[in-house]
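Work through the exercises below with the sequence and the model open. Each task is followed by a solution in steps.

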Amino acid sequence: MLSAQIERRVEWPDTDAAGHYHHSTILRWIEAAEAELYEQVGLTDMFGVIPRVHLEVNHRARLWFRDKVDVRIEIAKLGRASITLRFEVRRAGELAADGSMTAVHIDPAAGKATPWPDAVRAALMPSAEPGT
C-alpha cells in the first residue's frame, strides 16, 4: 500500500486554553500528509473531487507546544469510487492519535460518486490487478 510521512511541530496557534493541541490540528496534519501521498504519485489534482464522507480520530495522548510529531498516512482500501486512508500521529514513537478517513470520488458537474479513472486507480494501487 502507498504511504507518506511528514514531520510537524505543535505551534502556538495549534494549542487550546488547556495548553495542549487542539483536536482540529490533527485534521490539518492528516490532510498535509494526504497531499504528500498524492504528490508522490502525481495526483495533486485529486483535491476538489474527493470530498470526505467519514472521519474517525482516536486521541490517545496529549501533545504540547513545540512537540515534534511524525504523521504517517497510508491507503487502507481503494473501492470502486472511494478511498479509505489510515493514519497515525506519533511523538518520539508514542502514539498520540490514529484513525481513518474515507473520501469518495465525484464528478463535480454531476455532483455524484463516479468510479476512479483507470489512471488514478493505477497510480493509487500500482500492484493491483486491473478491474479489482
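## Exercise 1: Helix and sheet

Helix α1 (residues 23-40) lies across β1, β2, β3, β4 and β5 (94-104), and runs at about 135° to β1. The model is a predicted one.

Task: State the order in which the strands form the sheet, and name the edge strands.

Solution.
1. The open sheet is formed by 5 strands in the order β1-β3-β4-β5-β2, with antiparallel pairing.
2. β1 (3-9) and β2 are the edge strands, since each of them pairs on one side only.
3. On average, neighbouring strands of this sheet are turned by 20° against each other, direction ignored.

Task: Find how many bridges join β1 to β3, and give the bridge partner of Glu7.

Solution.
1. β1 and β3 run antiparallel and are joined by 7 bridges.
2. Glu7 has Asp70, in β3, as its bridge partner.

## Exercise 2: A residue in an edge strand

Task: Locate Leu55 and decide whether Leu55 is buried, partly exposed or exposed.

Solution.
1. Leu55 sits in strand β2 (residues 52-59), which is one of the edge strands.
2. Buried requires under 20% relative accessible area, and exposed requires over 50%.
3. Leu55 has a relative accessible area of 39%, so Leu55 is partly exposed.
4. Leaving out residues up to four places away in sequence, Leu55 touches Leu27, Phe87, Ser100 and Met101.
5. The C-alpha atom of Leu55 is 12 Å from that of Glu31, a residue 24 places away along the chain.

## Exercise 3: Salt bridges

Task: Give the number of salt bridges, then explain why the one between Asp67 and Arg91 ties together separate parts of the sequence.

Solution.
1. The count is 10 salt bridges.
2. In the salt bridge of Asp67 with Arg91, the closest N and O atoms are 2.9 Å apart.
3. Asp67 belongs to the loop between β2 and β3 (68-78), whereas Arg91 belongs to strand β4 (residues 82-91), so the pair ties together parts 24 residues apart in sequence.
4. Asp67 and Arg91 are both buried.

Task: For the salt bridge between Glu74 and Arg72, state which partner is buried and which is partly exposed.

Solution.
1. The side chains of Glu74 and Arg72 meet with an N to O distance of 2.9 Å.
2. Glu74 has a relative accessible area of 17% and is therefore buried.
3. Arg72, at 33% relative accessibility, is partly exposed.

Task: Treat the salt bridge between Glu88 and Arg90 in the same way, then name the residues joined into one network by shared partners.

Solution.
1. Glu88 and Arg90 meet through their side chains at 3.0 Å, N to O.
2. Glu88 is partly exposed at 30% relative accessibility.
3. Arg90 is partly exposed as well, at 28%.
4. Elsewhere, salt bridges that share partners join Glu31, Glu34 and Arg52 into one network.

## Exercise 4: A loop histidine

Task: Where does His20 lie, and is His20 buried or exposed?

Solution.
1. The loop between β1 and α1 contains His20.
2. The cut-off for buried is under 20% relative accessible area.
3. His20 has a value of 14%, so His20 is buried.
4. Not counting residues up to four places away in sequence, His20 touches Asp14, Thr15, Arg62, Leu63 and Trp64.

Conventions: Residues numbered from 1 in each chain as written. Predicted model: local features only at pLDDT ≥ 70, side-chain atom pairs only at ≥ 80, totals over all residues. Heavy atoms only, no water. Helix = DSSP H or I, 4+ residues; strand = E, 2+ residues; numbered from the N terminus. Buried < 20%, exposed > 50% of the residue type's maximum accessible area, 1.4 Å probe, protein only. Contact = heavy atoms within 4.5 Å. Salt bridge = Lys/Arg side-chain N within 4 Å of Asp/Glu carboxyl O. Pairing = 2+ DSSP bridges. Axes fitted to C-alpha atoms, helices over the stretch in contact; angles between N-to-C directions.
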